[in-house]
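Student: I would like a careful look at one part of this model, followed outward into its surroundings. Please take me through it in a connected way.

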Amino acid sequence: MRIATWNVNSVVARLPRLLDWLGRAEPDVLCLQEIKTGEDTFPSDQVGELGYETAVHGTGRWNGVALLSRIGVGDVRRGLVDEPGYSPDGAMFDVTEPRAIGATCGGVRFWSVYVPNGRELGHPHYDYKLDWLKALQSTVAAELTERFVLLGDFNIAPTDEDVWDAGAVHGGTHVSQPERDALARIRELGLTDVVPRAMKYDTPYTYWDYRAGMFPKNMGMRIDLVYASAALSGAVRDAYVDRDARKGTGPSDHAPVVVDLDI
DNA sequence: ATGTCAGACAACGTCTGA
């Protein structure tokens with residue numbers, strides 16, 4: 001089974017590249033983040049022509065997650081257990097955002113997640129990020145099965161090895177200890193970080209900012225992660241970052257992570 | 001020097017978020 005995760009930064013803007021990539025990489029299941037559109041406007045027909053069923057959790061302009069599967073989609077669940085919401089500046093109520101979707105495909109339980117960015121240390125969005133990670137932990141604890149995988153854009157670099165310069169990360173998020181501790185607590189439930197091999201530079205980064213030539217200079221981060229149960233991590237045959245998908249005209253700022261499993 | 005994107009709104013530029 002070939003599984004993958006990719007923050008596409010708008011599935012509509014990325015559709016030609018997504019279709020091209022599906023045709024070349026041929027994943028059985030692809031988890032998407034930042035689809036930036038709703039279920040009604042998701043290009044289900046176009047990916048359907050390539051044999052993929054879809055499960056979508058999106059509300060429009062921001063965020064949004066989905067799963068594409070050519071081995072079936074069942075038991076779809078949108079949102080986390082006790083998922084916190086976020087209050088934008090001046091808003092009186094928290095709004096729950098579409099950042100997590102679970103589904104069972106080919107006997108494996110998948111969760112595609114887009115962890116809040118956090119913006120900067122001390123910002124309300126940072127507290128939201130930590131609260132959201134607690135809800136993710138609760139959800140994993142409730143859902144964990146023998147064949148389970150949590151994958152997506154975590155907006156956290158697990159170690160300093162996963163960042164070109166931990167001191168240069170804007171706002172200090174993505175590398176702070178509370179975020180890394182929250183991630184460790186999720187791993188401690190029984191998940192393993194499937195670290196992909198790099199295609200270049202020996203640094204399996206998955207994200208490079210669009211600005212300032214960060215990609216050609218390889219100033220990136222490994223923030224798109226695959227957390228697999230023991231049964232699945234023991235079945236990993238290969239794992240890599242498809243760095244080529246970040247090249248050329250009109251890429252996402254993230255590259256896909258692909259994992260091949262002997263199941 | 002946050003140097004680039006994407007989407008929404010009401011344009012034909014400006015804002016927000018990443």
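Student: In which loop is K36 found?

Tutor: This is a predicted model, and what follows should be read with that in mind. K36 is found in the loop between strand 2 (29–33) and helix 2 (44–48). Its phi is near 55°, which is a positive value in a residue other than glycine. The side of the question that concerns solvent has an intermediate answer, because K36 has a relative accessible area of 26% and therefore counts as partly exposed.

N63 makes a useful companion to K36. N63 is not a glycine either, and it has a positive phi of about 60°. Its place is the loop between strand 3 (53–57) and strand 4 (65–69). Here the relative accessible area is 9%, so N63 is buried, whereas K36 at 26% is partly exposed.

A further loop residue to set beside these is G107, which sits between strand 6 (100–105) and strand 7 (108–114). G107 counts as exposed because its relative accessibility is 52%, and the cut-off for that label is over 50%. Along the chain G107 and E146 are 39 residues apart, while their C-alpha atoms are separated by 9.8 Å.

We can now return to strand 2, whose range of 29–33 takes in C31, and ask about the cysteines. A search of the whole structure finds 0 disulfides. C31 accordingly takes part in none, and the nearest cysteine sulfur to its own, that of C105, is 7.6 Å away. Why is C105 not bonded to C31? The 7.6 Å between the two sulfurs is too far for a bond, since a disulfide would need them within 2.5 Å. Burial can be described separately: C31 counts as buried because its relative accessibility is 0%, and C105 is buried with a relative accessible area of 0%.

The loop between strand 8 (148–153) and helix 4 (177–187) offers another close view, beginning with T173, which is found there. T173 is buried, because its relative accessible area is 0%. Leaving aside residues up to four places away in sequence, T173 touches N117, G118, R119, E120, L121, Y126, K129 and E179. S176 is found in the loop between strand 8 and helix 4 as well, and at 9% relative accessibility it counts as buried. With the sequence neighbours up to four places away again left out, S176 touches L121 and Y126, two residues that also appear among the contacts of T173. The side chains of S176 and E179 are joined by a polar contact of 2.6 Å, and E179 is itself one of the residues that T173 touches.

E179 leads into helix 4, where it is buried together with R180, A182, L183, A184 and I186. What covers the buried residues of this helix includes helix 3 (124–143), strand 8, strand 9 (191–193) and strand 12 (224–229).

R119, already met as a contact of T173, connects this region to the nucleic acid. DNA strand B is surrounded by 15 residues, and R119 is among the closest, along with S10, R61, H170 and R211. The residues of the surface near DNA strand B divide into 5 nonpolar, 5 polar and 5 charged. Seen from the DNA side, 47% of the atoms of DNA strand B within 4 Å of the protein belong to sugar or phosphate, and the rest belong to bases.

Several distances to phosphate oxygens of DNA strand B can be given individually. For R119, an N or O atom in the side chain is 2.6 Å from a phosphate oxygen. For S10, a polar side-chain atom lies 2.3 Å from a phosphate oxygen. For R14, the distance from an N or O atom in the side chain to a phosphate oxygen is 3.1 Å.

Aromatic side chains complete the tour. The count for the model comes to 4 aromatic pairs. One of them is formed by W208 and F215, in an edge-to-face arrangement with 4.9 Å centre to centre and 80° between the planes. W208 and F215 are each buried.

Methods: Residues are numbered from 1 along each chain as its sequence is written. Chains are lettered from A and ligands numbered from 1 in the order in which they are written. This is a predicted model: local features need pLDDT of at least 70, side-chain atom pairs count only at pLDDT 80 or more; totals for chains, interfaces and linings use all residues. Side-chain values use heavy atoms; hydrogens and water are left out. Rings of Phe, Tyr and Trp (its six-membered ring) pair if their centres lie within 6.5 Å; planes under 30 degrees apart count as stacked, over 60 as edge-to-face and the rest as tilted. Buried means under 20% relative accessible area, exposed over 50%, partly exposed in between (1.4 Å probe, protein chains only). A residue is near a molecule or strand if one of its heavy atoms lies within 4 Å of it. A polar contact is a pair of N or O atoms within 3.5 Å; within protein, one must be able to donate a hydrogen and the other to accept it, and residues adjacent in sequence count only if both atoms are side-chain atoms. Ala, Val, Leu, Ile, Met, Phe, Trp, Tyr, Cys and Pro count as nonpolar, Asp, Glu, Lys and Arg as charged, and the others, Gly among them, as polar. Helices (H or I, at least four residues) and strands (E, at least two) are DSSP runs, numbered from the N terminus. Contact means heavy atoms within 4.5 Å.
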